[in-house]
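Visitor: I'd like a close look at the ring-on-ring packing here, please. Start with a single side chain and work outwards.

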Amino acid sequence: MKHLAYLNKFFWKYRWRFLLGILFVGLVNWFRVWQPQVIGEALDTVIFNVKHYNETGGIAAHPEAYRELGTQIGWFGLQVIGLALAMGLFMFLMRQSIIVMSRLIEYDLRKEIFSHYETLDLAFYKRHSTGDLMSRISEDVNKVRMYLGPTILYGLDLIFLFVLTISAMLNVSLTLTLWSLLPLPLLSISIYWVSNIINKRSETIQQQLATLTSTAQEVYSGIRVVKSYAQEKAMGAWFADQTEIYRQKSLRLISVDAVFFPLMMLLIGTSTILTVYVGGLEVVAGNITPGKIAQFVIYINMLTWPVTAIGWISSLTQQAAASQKRINEFLKTQPVITNPVNDPRPLRGHIRFDKVSFVYPDTGITALRNVSFEVQPGQRLALIGRTGSGKTTVADLLVRLYDVSEGRILIDGKDVRQLDLHNLRRRIGYVPQDVFLFSDTVEANIAFGQDGITRAQAEHFARSAAVHDDIMSLPKGYDTIVGERGVTLSGGQKQRVSIARAFAKQPDIVLLDDCLSAVDTNTESQIIGYLNTALAGKTAVIITHRIYGALEFDKIIVLGDDHSIAEEGTHEELMARRGYYAELFERQLAGEDLD
Ligand SMILES: Nc1ncnc2c1ncn2[C@@H]1O[C@H](COP(=O)(O)OP(=O)(O)OP(=O)(O)O)[C@@H](O)[C@H]1O
Ligand SMILES: [Mg+2]
């Protein structure tokens, strides 16, 4: 329960709505408990009158009998209808206040989780799977919503109904109340017992369903691999096995479910028989009127629902507590990387790595070891090295997706940890190695994060990234939806759209991570042409496996397999050293000759 205490602030926020809701629940039950009394009275009136007519010469001697009785019964009927209408009205209002409150809190909570997720750093996202993040913001919030809405509503309903009904019963007869309530504890114990079994079984079903859906999802997203390895049959067989397990578990649940209602009916039936029997004795003894028996039978039926609901309410509350615990766990996670100041000013583009080492926090893998270098404003740096040598890590550290483990990174002479974080990221045009496009139009993908970019501007940046012609050949040009639900672009097209996106930021520092790998030489020189002209004065860090003849680098750094700098210098200097760079260059030349 202590996990659910987190929600108190929301109850406080919506306190008036909540209090009003409680009032309405009370009123609904007040009218509800009133109704059987009217019915009991109506019955008594009829019995009394019929007896009276019979004693005074039979009904034939009273021509006015039907009219009189009719008026009286009609009057009772109107009362019952009036009570039902009042109940209906307040039931509507009670749902309007409490269920609406739960929806409002759901909205607030989801918004809070989403914006908290966004503050968390990359390391957090590496630690938790996307599925986990998604289930906490959707399913877990739903469970909490069920607690805030229906559970609280029915909980309150139950309390009011119990107190009001039992006091109304006690008002009539203590003996009859005790006898008719006798089977109720038995009912609640057995219902608690059965619903426990139901809960356990539904939980295993839920887990099985989760396995089933996540695997199916994986098969669909990896359909290319599945099909090209001709594994459809094997996958289908596996899925059939899992579905069979699911079927068996569901049947086990249904068998318990099937016991539930008969058991309930049996106990209510027992209660009703006891009421009629003991009530009959009381009527004979002259302690109560026959109408009271009718009233009691209605009460017993009214009480069944809350008694059954106890198990349901407790299990929903437990589920909500477990969900809120999972939500709190993430809400309590604080981002390691935060924005220290608000200081949005342009960057000159001086970069200095000062004895930087970096170890990935969760895996303990050393990705950089004692790396120091300097890039002057407007200079071009090429970062080269074997796969896994730490090039992407250098880029990630520069935009502070991670913070260094040792040493420091200075931009314009200031430690990046003291710079305005959002400004830093806004002013660096980073094209990451694993290109990602949103399921949106091409134009929106290029303009991502830049409000007020016109179509003409988007086209200009697409031209600079040499992707304009490709876009124009798409069915709807710049309005074509790309990504999961749209047109699939080729690897090279995606790379260039994401380069256009980075150019559209008009960055002070350009950071390209291996993003010309899937581009032919001709296109490559177009893009490099843009770097040489429009971005001539900007600092550029280009991570690559290829050496571009068209692009003069002021400095080239080769990261070695030990994650430290192996070679550093200009093209001529490195060629003279005859190390990895020279080897790469010569291999590339030989390859180009072969083309
Ligand atoms: N998120 C991560 N968590 C843990 N270890 C990582 C992570 N990303 C990279 N590494 C490890 O850090 C080392 C450097 O990785 P990095 O991605 O910087 O290499 P790279 O030089 O960019 O390689 P490539 O040329 O293949 O892109 C590798 O050994 C890699 O296994
Ligand atoms: Mg990389």
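Visitor: What relative accessible area does Trp-34 have?

Guide: Trp-34 comes out at 36%, so it's partly exposed; buried would be under 20% relative accessible area and exposed over 50%, with partly exposed in between (1.4 Å probe, protein chains only). Bear in mind that this is a predicted model: local features need pLDDT of at least 70, side-chain atom pairs count only at pLDDT 80 or more, and totals for chains, interfaces and linings use all residues. As for bookkeeping, residues are numbered from 1 along each chain as its sequence is written, chains are lettered from A and ligands numbered from 1 in the order in which they are written, and side-chain values use heavy atoms, leaving out hydrogens and water.

Now for the rings. Those of Phe, Tyr and Trp (its six-membered ring) pair if their centres lie within 6.5 Å, and planes under 30 degrees apart count as stacked, over 60 as edge-to-face and the rest as tilted. That rule yields 18 aromatic pairs. Take Phe-31 and Trp-34: they're stacked because their planes sit at 5°, with centres 6.2 Å apart. Both belong to helix α2 (residues 15-55), and being three residues apart there puts about one helical turn between them. Helices here are DSSP runs (H or I, at least four residues), numbered from the N terminus. The two also share one aromatic cluster with Phe-24, Trp-30 and Phe-90. Unlike partly exposed Trp-34, Phe-31 is buried, at 12% relative accessibility.

For another pair, look at Phe-503 and Tyr-530, which are tilted, with 40° between the planes and 4.6 Å centre to centre. This one joins distant parts of the chain, 27 residues apart: Phe-503 sits in helix α16 (residues 491-504) and Tyr-530 in helix α17 (residues 521-533). Phe-503 is buried at a relative accessible area of 2%, and Tyr-530 is buried too, at 12%.

Rings take charged company as well. A charge sits over a ring if NZ of Lys or CZ of Arg is within 6 Å of the ring centre and within 35 degrees of the ring normal. Arg-15 lies over the face of Trp-12, 4.1 Å from the ring centre, while Arg-136 does likewise over Phe-330 at 3.8 Å.

How values were computed:
Helices (H or I, at least four residues) and strands (E, at least two) are DSSP runs, numbered from the N terminus.
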